[in-house]
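Student: Could we go through the charged pairs in this structure together? I'd like to see how each answer is reached.

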Amino acid sequence: MARIQIPLEALTSRLSLGSRFEGVRSQSMATRFANLKPVSEFLDVKRLSKPANFSEAQSRVNYNLGYFSSNYFAVAIMLLIYSLLTNLYLLFDILFVAGGLFGIKKLDGRDLELGFTRLTTSQLYTGLVIIAVPLFVLASPISTALWLVGATGVSILGHASLMDKPIDTAFSEEAV
């Protein structure tokens, strides 16, 4: 049976998404947040308008994803924090696992001695998994992740397509 080959480059080439994320990987957090645009520019209501056609919307998205990339990253982080604060089971499970791993790591390979028993690190890891996995399933991380992807996509792509380019940029593109 032949495998189906989906040409991802053909799907992503219209928005030039292939090269868009290369700069994200090479930048540090300090550099990323140093490029934040002012809130007054990011939420400039005077520049909001409906694009005339798909070509204009695509042009706006390409420009705004590059220009406001640090602001969009901050929006995604804020939505992530909001999703964790509204899903307390998931937040508890993440903190529980992080605390458990930190506690086991602090033992430096030694056994944990409780007055009546001795637990090896293997038993501690097993106990952590036995407790954390059912809590993780109950916390519904898949629905939280899907909400996060949807909310981030709608927020960022909605803003990027509705925010008009600055006037000086529009004139510089026509001259070329």
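**Salt bridges, step by step**

Tutor: Happy to! A search of the whole structure, which is a predicted model, finds 4 salt bridges.

Student: Which residue forms a salt bridge with Arg 60?

Tutor: Side chains of opposite charge can pair when their charged atoms come close. For Arg 60, the closest N and O atoms of the pair are 3.6 Å apart, and a salt bridge needs them within 4 Å. The partner is Asp 164.

Student: How many residues apart in sequence are the parts that this pair ties together?

Tutor: Arg 60 lies in helix α6, residues 54-67. Asp 164 sits in the loop between α10 (141-162) and α11 (167-175). The pair therefore ties together parts whose separation in sequence is 104 residues.

Student: Is Arg 60 buried or exposed?

Tutor: Buried means under 20% relative accessible area. Arg 60 has 2% relative accessibility, so Arg 60 counts as buried.

Student: And how does Asp 164 count?

Tutor: Partly exposed covers the range between under 20% and over 50%. Asp 164 has 30% relative accessibility, so Asp 164 counts as partly exposed.

Student: How far apart, N to O, are Arg 118 and Asp 111 in their salt bridge?

Tutor: Arg 118 is exposed, with a relative accessible area of 51%, while Asp 111 is partly exposed at 29%. Their side chains meet in a salt bridge, and the N to O distance is 3.4 Å.

Student: Which residue forms a salt bridge with Arg 118 at 2.8 Å?

Tutor: This partner counts as exposed, at 56% relative accessibility. The closest N and O atoms are 2.8 Å apart, and the residue is Glu 113.

Key:
Residues numbered from 1 in each chain as written. Predicted model: local features only at pLDDT ≥ 70, side-chain atom pairs only at ≥ 80, totals over all residues. Heavy atoms only, no water. Helix = DSSP H or I, 4+ residues; strand = E, 2+ residues; numbered from the N terminus. Buried < 20%, exposed > 50% of the residue type's maximum accessible area, 1.4 Å probe, protein only.
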